Amino acid sequence: PLLPGLDLASLPVLDLSTTSDALPGSATGDRSVVSRLVAAADGRTLGRWGEGRLVDTVLDAGGETPTVHLGIDVFLPAGTPVAAPVGGRVRIERGAVVIEAGLFDVCLAGIDPYRGLRETVAPGDDLGTVSPDGPDGLPAHVHVARVAEPGLAAPHAAVPSLSGAWLRLCPDPSSLLGLLPGHAAAPPDDAADLLARRDRVL
């Protein structure tokens, strides 16, 4: 398990989407609101995979901004020990610990690796601790992504127009965390519901 002794399924799941009841309109592009939500959950909560995040939206942007999240965020207090969810060869890429698991890579961003971290790890081996500075300007957390194409340097989020392709390349990593599929995933868009919402607005 990624976090020995902690049942991730028991943690609350944040909704940071554009339809979240927990976020006011003023949260658009404001990642600081996430700190308040995480603090309200005692610093332990999950952020969803496949979610178009309101806090990542940039108003008046000249082009698309990457808002669709490609991993699960596990928010935990800084210093929490982190273990390898799978075995494989380890590399450090753009500050993240990447485990080459054979048919796929596991990217773990937001970890301070232990000195002397071995080149090859087995499931459950110690990797390091949760960094005080979370990735992407968010509170302390581990961004967990499953990358279906070994060696691919996947972003943490994708622009909406390319999100379908990126979500296939970075599928739901719930199983790596001992979670049921979809436990910490945004619900897929429903075409009929989207059309109904559009009609109500127009």
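Here is a friendly conversation about the sheets, helix, loops and cavity of a predicted model.

Trainee: Let's begin with the sheet of eight strands: which strands stand at its edges?

Mentor: Happy to start there. The sheet is open, has mixed pairing and follows the order β1-β2-β4-β12-β8-β7-β6-β10. A strand with a single partner has one side left without a neighbour in the sheet, so the edge strands are β1 (13–14) and β10 (120–121).

Trainee: Inside that sheet, which residue of β4 is the bridge partner of Thr45?

Mentor: Strand β2 covers residues 45–47 and strand β4 covers residues 72–75. These two strands pair in the antiparallel sense over three bridges. The bridge partner of Thr45 in β4 is Phe75.

Trainee: How many residues of β8 are buried?

Mentor: Take the two sides of the strand in turn. Asp105, Cys107 and Ala109 point one way from β8, and all are buried. Val106 and Leu108 point the other way and are buried too. The strand is therefore largely enclosed by the rest of the structure, and the count of buried residues is five of the five.

Trainee: Which residue of β12 does Asp105 stand opposite?

Mentor: Asp105 is one of the buried residues of β8. β8 and β12 run antiparallel and are joined by five bridges. The residue of β12 opposite Asp105 is Val147.

Trainee: And on the β7 side, which residue stands opposite Asp105?

Mentor: β7 and β8 also run antiparallel, with four bridges joining them. Their hairpin has four residues between the strands, and Gly102 takes a positive phi near 105° there. The residue opposite Asp105 is Glu100.

Trainee: Turning to the cavity, what is the volume of the largest one?

Mentor: A search of the whole structure for cavities of 30 Å³ or more finds one. Among the 16 residues that line the largest cavity, the closest to its centre are Cys107, Ala145, Val147, Leu152 and Ala154. As for its volume, the value is about 90 Å³.

Trainee: Which strand gives the most to the lining of that largest cavity?

Mentor: The strands that each supply at least two residues of the lining are β6 (88–93), β8 (105–109) and β12 (141–147). By type, the lining residues divide into 10 nonpolar, two polar and four charged. With three residues, the strand that gives the most is β12.

Trainee: Now for helix α1: within what arc do its buried residues fall?

Mentor: The buried residues of α1, which spans residues 32–40, are Val33, Val34 and Val38. On the other side of the helix, Arg36, Ala39 and Ala40 are exposed. Seen down the axis of α1, the buried residues line one face, because they fall within an arc of 140°.

Trainee: How far is the C-alpha atom of Val34 from that of Pro139?

Mentor: Val34 lies in helix α1. Val34 is buried, with a relative accessible area of 0%. Val34 and Pro139 are 105 residues apart along the chain, yet their C-alpha atoms are separated by 7.4 Å.

Trainee: Is Asp42, in the loop between α1 and β2, buried or exposed?

Mentor: Asp42 has a positive phi of about 60° although it is not a glycine. That is worth a look, as most residues other than glycine have a negative phi. With exposed meaning over 50% relative accessible area, the 62% relative accessibility of Asp42 makes this residue exposed.

Trainee: Where is Arg94 found?

Mentor: Arg94 is another residue other than glycine with a positive phi, in this case near 50°. At 61% relative accessibility, Arg94 counts as exposed. Arg94 is found in the loop between β6 and β7 (96–100).

Trainee: Last one, about the open sheet of three strands: what is its average twist from one strand to the next?

Mentor: The order is β5-β11-β9, with antiparallel pairing. Its edge strands are β5 (81–83) and β9 (111–113), each of which pairs on one side only. Three bridges join β9 to β11 (residues 126–130), and Ile111 stands opposite Val130 in β11. From one strand to the next, the twist averages 40°.

Terms used. Residues numbered from 1 in each chain as written. Predicted model: local features only at pLDDT ≥ 70, side-chain atom pairs only at ≥ 80, totals over all residues. Heavy atoms only, no water. Pairing = 2+ DSSP bridges. Axes fitted to C-alpha atoms, helices over the stretch in contact; angles between N-to-C directions. 1 Å grid on protein atoms, 1.4 Å probe; cavity = no way out; pocket = protein on both sides within 12 Å on 5 of 7 lines; lining within 4 Å. Points joined across faces, edges and corners; volume = space filled by probe spheres on them. Nonpolar A, V, L, I, M, F, W, Y, C, P; charged D, E, K, R; others polar. Buried < 20%, exposed > 50% of the residue type's maximum accessible area, 1.4 Å probe, protein only. Arc of directions from axis to C-beta.
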